[in-house]
Amino acid sequence: MKRIVSLSGVDVEYTLIQAPRRDVLIQALPGGVIRVYAPKTARLRDVDRLVTDNSQMILEARERLKPKPLRDGGEIRIEGAPRTVRLK
């Protein structure tokens with residue numbers, strides 16, 4: 001289920017996945033995607049409040065995982081090894 005909360009003045013969309021679990025997991029994925037796994041019994045307002053309370057960590061993770069533009073001489077990792085980009 002898609003949810004939207006305001007974090008430090010920025011509207012952030014996250015996907016809520018309710019599953020048979022006991023704890024809550026907040027995942028920040030590449031591309032700025034946020035997923036929250038919560039127990040089926042968790043109230044939506046409690047999950048929203050938890051996301052809001054962790055807003056600083058979520059915003060920092062989203063920024064860190066944003067795709068970076070390729071530039072000539074820039075570095076990317078392929079299978080963990082650094083490689084230099086050469087654009088023609």
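This is a tutorial dialogue on reading the fold, one sheet, one helix and two residues of a predicted model.

User: Where should I begin with this predicted model, and which elements does the chain contain?

Analyst: A first reading goes from the inventory of elements to their order along the chain. Here the secondary structure comes to two helices and six strands, and from the N terminus on these elements run β-β-β-β-α-α-β-β. The radius of gyration is 17 Å, well over the 12 Å that the globule rule gives for 88 residues, so the chain is more spread out than a compact globule. Along its principal axes the C-alpha trace spans about 55 × 30 × 20 Å, and buried residues make up 22% of the 88 residues.

User: What share of the contacts between residues at least 6 apart in sequence joins residues at least 24 apart?

Analyst: In this chain that share is 29%.

User: How do I read the sheet of four strands, and what is the order of its strands?

Analyst: One reads a sheet by strand order, then by edges, then by pairing. This open sheet has the order E1-E2-E4-E3, with mixed pairing. At its edges stand E1 and strand E3 (25–29), each with a single partner strand, so one side of each is left without a neighbour in the sheet. Neighbouring strands of the sheet are turned by 30° against each other on average, direction ignored.

User: How many bridges join E2 to E4, and do these strands run parallel or antiparallel?

Analyst: E2 and E4 run parallel and are joined by five bridges; looking at single residues, one finds that Gln18 has Ala38 in E4 as its bridge partner.

User: Turning to helix H1, which of its residues are buried, and why do they line one face?

Analyst: The general idea comes from helix geometry: an α-helix has 3.6 residues a turn, so residues three or four places apart point the same way. In H1, which covers residues 44–53, Val47, Asp48 and Val51 are buried. Seen down the axis of H1, the buried residues fall within an arc of 100°, so they line one face of the helix. Arg45 and Asp53, on the other side of H1, are exposed.

User: What do the buried residues of H1 pack against?

Analyst: Their packing partners are strand E1 (2–7), strand E2 (10–19), strand E4 (33–39) and helix H2 (55–64). As for its placement, H1 lies across E1, E2 and E4, and it runs at about 45° to E1.

User: Asp48 lies in H1; why does Asp48 count as buried, and what does its side chain join?

Analyst: Burial is read from relative accessibility, with buried meaning under 20%; Asp48 has 15% and therefore counts as buried. A polar contact of 2.4 Å joins its side chain to that of Tyr14. Leaving aside neighbours within four places in sequence, Asp48 is in contact with Arg3, Val5 and Tyr14.

User: Where is the place of Leu87, and is Leu87 buried or partly exposed?

Analyst: Leu87 belongs to the segment after strand E6 (81–84), and at 47% relative accessibility Leu87 counts as partly exposed. Not counting residues up to four places away in sequence, Leu87 touches Leu70, Arg71 and Asp72. Sequence separation and distance in space are best read side by side: Leu87 and Asp72 are 15 residues apart in sequence and 5.1 Å apart in space, C-alpha to C-alpha.

Technical notes:
Residues are numbered from 1 along each chain as its sequence is written. This is a predicted model: local features need pLDDT of at least 70, side-chain atom pairs count only at pLDDT 80 or more; totals for chains, interfaces and linings use all residues. Side-chain values use heavy atoms; hydrogens and water are left out. Buried means under 20% relative accessible area, exposed over 50%, partly exposed in between (1.4 Å probe, protein chains only). The arc is that of the directions from the helix axis to the C-beta atoms. Contact means heavy atoms within 4.5 Å. Two strands pair if DSSP finds at least two bridges between them. Axes are lines fitted to C-alpha atoms, for helices over the stretch in contact, and angles run from 0 to 180 degrees between N-to-C directions. A polar contact is a pair of N or O atoms within 3.5 Å; within protein, one must be able to donate a hydrogen and the other to accept it, and residues adjacent in sequence count only if both atoms are side-chain atoms. The radius of gyration is taken over C-alpha atoms; the globule rule is 2.2 Å times the number of residues to the power 0.38.
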